[in-house]
Amino acid sequence: MSEPQRPLASRDIGVLRAGWSYASISDKIADLVLTRPVRWPWLAGFFGTLAGTLMFLVAIGYLFAKGIGIWGVDIPVAWGFAIANFVWWIGIGHAGTFISAILLLLRQKWRTSINRFAEAMTLFAASMAGLFPILHLGRPWFFYWIAPYPNHMNVWPQWRSPLVWDFFAIATYLTVSLLFWYMGLIPDLATLRDRAHSRFKQVAYGLFALGWRGEARHWARFETAYLLLAGIATPLVVSVHSVVSLDFAVGNTPGYHSTIFPPYFVAGALFSGFAMVLTLAIPLRKAFGLEDFITDVHLDHAAKVLLATGALVAYGYASEIFMAFYSGDEYEIAMTTDRWTGAYAPVYWTFMVFNVLVPQVLWWRRARRSVPLLFVLSLVVNLGMWMERVTIVVQSLHKDFLPSAWGIFIPTLWDWIILLGSIITFAWLFLVFLRVLPAISISEMRLLARESVKEAAA
């Protein structure tokens, strides 16, 4: 079904360069899925990440067979990489919800080119996050015990357990994020249905398009439902990682017991999430020639959010140190000084440099629009945030209240394999997504083209 040629975007509005029409936007984005040939870089990435995904599954199978003793966890460090990875992954998923929901409600145009793949990133990151508490259970085949379901054996979940809170948080987050992502996809699925030449693709995209014909009543109901889901998803940005932070804050362990953890974790989640958006956006625009859609303005705005959330994270670090000494609690003071000079001091000072000092280059506009610098910076921030999560989880536990209970956590090969396997599986899922669904919203980019014409006429 051919689409009528509409007026060209006659004005460069920053988030969409001039010269794009309704039809050319549809051609460019839809052809990435329907007609673009599979080239060797994508194939190399696909099969490479598929091998890593199989390695990840083998490691999980070995974990199920042998138990969590294959990891470096012990007493007193009963929480190791698994919980740190969980917190890190759930944080990365926050940027997608923030870009899609909050920026939609605020009518920010720059979200349009990046919201689709950011939402996909959220789903894949949250899926990775949801795996780690299950793997950490010891008997993961009984994970459904943490769900509050009626049963004849009266094995009810322990409502004081953070595992139950995480169950509700992750399940809610995944469900709403999936619905929001799918809702935005429906008009684009109809476009792919109408443009596909293969009967299989026509049927597949048509089934998921739910009979969309682009009628006025369809658009009216779509916009109402989309805004409603955005309103529902917005509180999740705050609530989900606040619940995750309470896994730590409700305990009396020095390094965990802190009232600043909920806002501090939310800021850290957005910090790492926007870093991952840049990590994905920069190769994506280069590989598929999307510089007209994902412009320097998008990178600049994402870098500004990175700078702002990084400042909030730095404030959280300073507040945590100040309250440790201001409280006069000798255990909190000992924990803080151990972070500075103890066994995990190199990890602590490294993430302080990565998360606090390095992002300060973003005060300069030239740095915010330097593509190579932003890509390296995004990788550095993600590494720094992972090291911070490891420090919170591991360093806070390794020296208990009594010297006789002190110990050191040393990750094993299986700790590293499962961490790297989750990253590679995330990359594999993202590569599959790029081949079967539009990475940028076609319908919303058309709207930008129309707005540029209106602005030029005004």
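Me: Into which classes do the residues of the lining of the second largest pocket divide?

Reply: In this predicted model, the lining of the second largest pocket divides into 25 nonpolar, four polar and three charged residues. The pocket holds about 790 Å³ of space. Of its 32 lining residues, the closest to its centre are Leu 280, Pro 283, Ala 427, Phe 430 and Leu 431. Leu, Pro, Ala and Phe count as nonpolar, and therefore these five residues belong to the nonpolar class.

Me: Which elements give two or more residues to the lining of the second largest pocket, and which one provides the largest share?

Reply: The elements are helix H2 (40–66), helix H3 (81–92), H9, H14 and H15. The largest share, ten residues, comes from H15.

Me: What makes a void count as a cavity, and how many of 30 Å³ or more does the structure hold?

Reply: A void is called a cavity because a 1.4 Å probe fits inside it but cannot get out. The structure holds six cavities of 30 Å³ or more. The largest has a volume of about 110 Å³, and the second largest has about 60 Å³.

Me: How do the residues lining the largest cavity divide by class?

Reply: Eight are nonpolar, one is polar and three are charged. The lining includes Glu 320, Arg 339 and Glu 388; Glu and Arg count as charged, and therefore these residues account for the charged class. Thr 336 also belongs to this lining. Helix H10 (296–327), helix H11 (330–341), helix H12 (345–357) and helix H14 (371–398) each supply at least two of the lining residues.

Me: What is the class make-up of the lining of the second largest cavity?

Reply: This lining has three nonpolar, five polar and one charged residues. Among its members are Gly 96, Thr 97, Ser 100 and Glu 119. Gly is grouped with the polar residues, so Gly 96 counts as polar here. Helix H4 (94–105), helix H5 (115–135) and helix H6 (162–195) each supply at least two residues of the lining.

Me: Why is Arg 111 classed as buried or exposed?

Reply: Arg 111 has 2% relative accessibility; the limit for burial is under 20%, and therefore Arg 111 counts as buried. Arg 111 lies in the loop between H4 and H5. A polar atom of the Arg 111 side chain lies 3.1 Å from the backbone oxygen of Ile 99. Beyond its neighbours up to four places away in sequence, Arg 111 touches residues including Leu 103, Glu 119, Tyr 226 and Glu 444.

Me: What places Arg 107 among the buried or the exposed residues?

Reply: The relative accessible area of Arg 107 is 61%; exposure requires over 50%, so Arg 107 is exposed. Arg 107 also lies in the loop between H4 and H5.

Me: What makes the phi of Arg 107 and of Leu 210 worth noting?

Reply: Most residues other than glycine have a negative phi. Arg 107, by contrast, has a positive phi of about 60 degrees, and phi of Leu 210 is near 60 degrees. Leu 210 sits in the loop between helix H7 (199–209) and helix H8 (216–249). Its relative accessible area of 57% exceeds the 50% limit, so Leu 210 is exposed.

Me: Which kind of peptide bond joins Ile 75 and Pro 76?

Reply: The bond is cis, with omega of about 15 degrees. Most peptide bonds are trans. Pro 76 lies in the loop between H2 and H3.

Me: How do you know whether Ser 441 is buried or exposed?

Reply: Its relative accessible area is 0%, which is under the 20% limit, and therefore Ser 441 is buried. Ser 441 is found in the loop between helix H15 (413–436) and helix H16 (442–457). A polar contact of 3.5 Å joins its side chain to that of Ser 443. Leaving aside neighbours within four places in sequence, Ser 441 is in contact with Ile 29, Thr 112, Asn 115, Arg 116 and Asp 188.

Me: How many residues does the largest nonpolar core have, and which have the most contacts inside it?

Reply: This core has 140 residues, and those with the most contacts inside it are Trp 89, Phe 117, Phe 248, Phe 274, Phe 293, Phe 426 and Phe 433. Its largest share, 15 residues, comes from helix H9 (residues 261–287). Membership requires burial, so Phe 248 is a buried residue. Not counting residues up to four places away in sequence, Phe 248 touches Trp 79, Ile 83, Val 87, Phe 261 and Ile 392, among others. In soluble globular proteins, nonpolar side chains tend to be buried together.

How values were computed: Residues numbered from 1 in each chain as written. Predicted model: local features only at pLDDT ≥ 70, side-chain atom pairs only at ≥ 80, totals over all residues. Heavy atoms only, no water. Core = buried A, V, L, I, M, F, W, Y, C linked by side-chain atoms within 4.5 Å. Buried < 20%, exposed > 50% of the residue type's maximum accessible area, 1.4 Å probe, protein only. Helix = DSSP H or I, 4+ residues; strand = E, 2+ residues; numbered from the N terminus. Contact = heavy atoms within 4.5 Å. 1 Å grid on protein atoms, 1.4 Å probe; cavity = no way out; pocket = protein on both sides within 12 Å on 5 of 7 lines; lining within 4 Å. Points joined across faces, edges and corners; volume = space filled by probe spheres on them. Polar contact = N/O pair within 3.5 Å; in protein donor to acceptor, adjacent residues only side chain to side chain.
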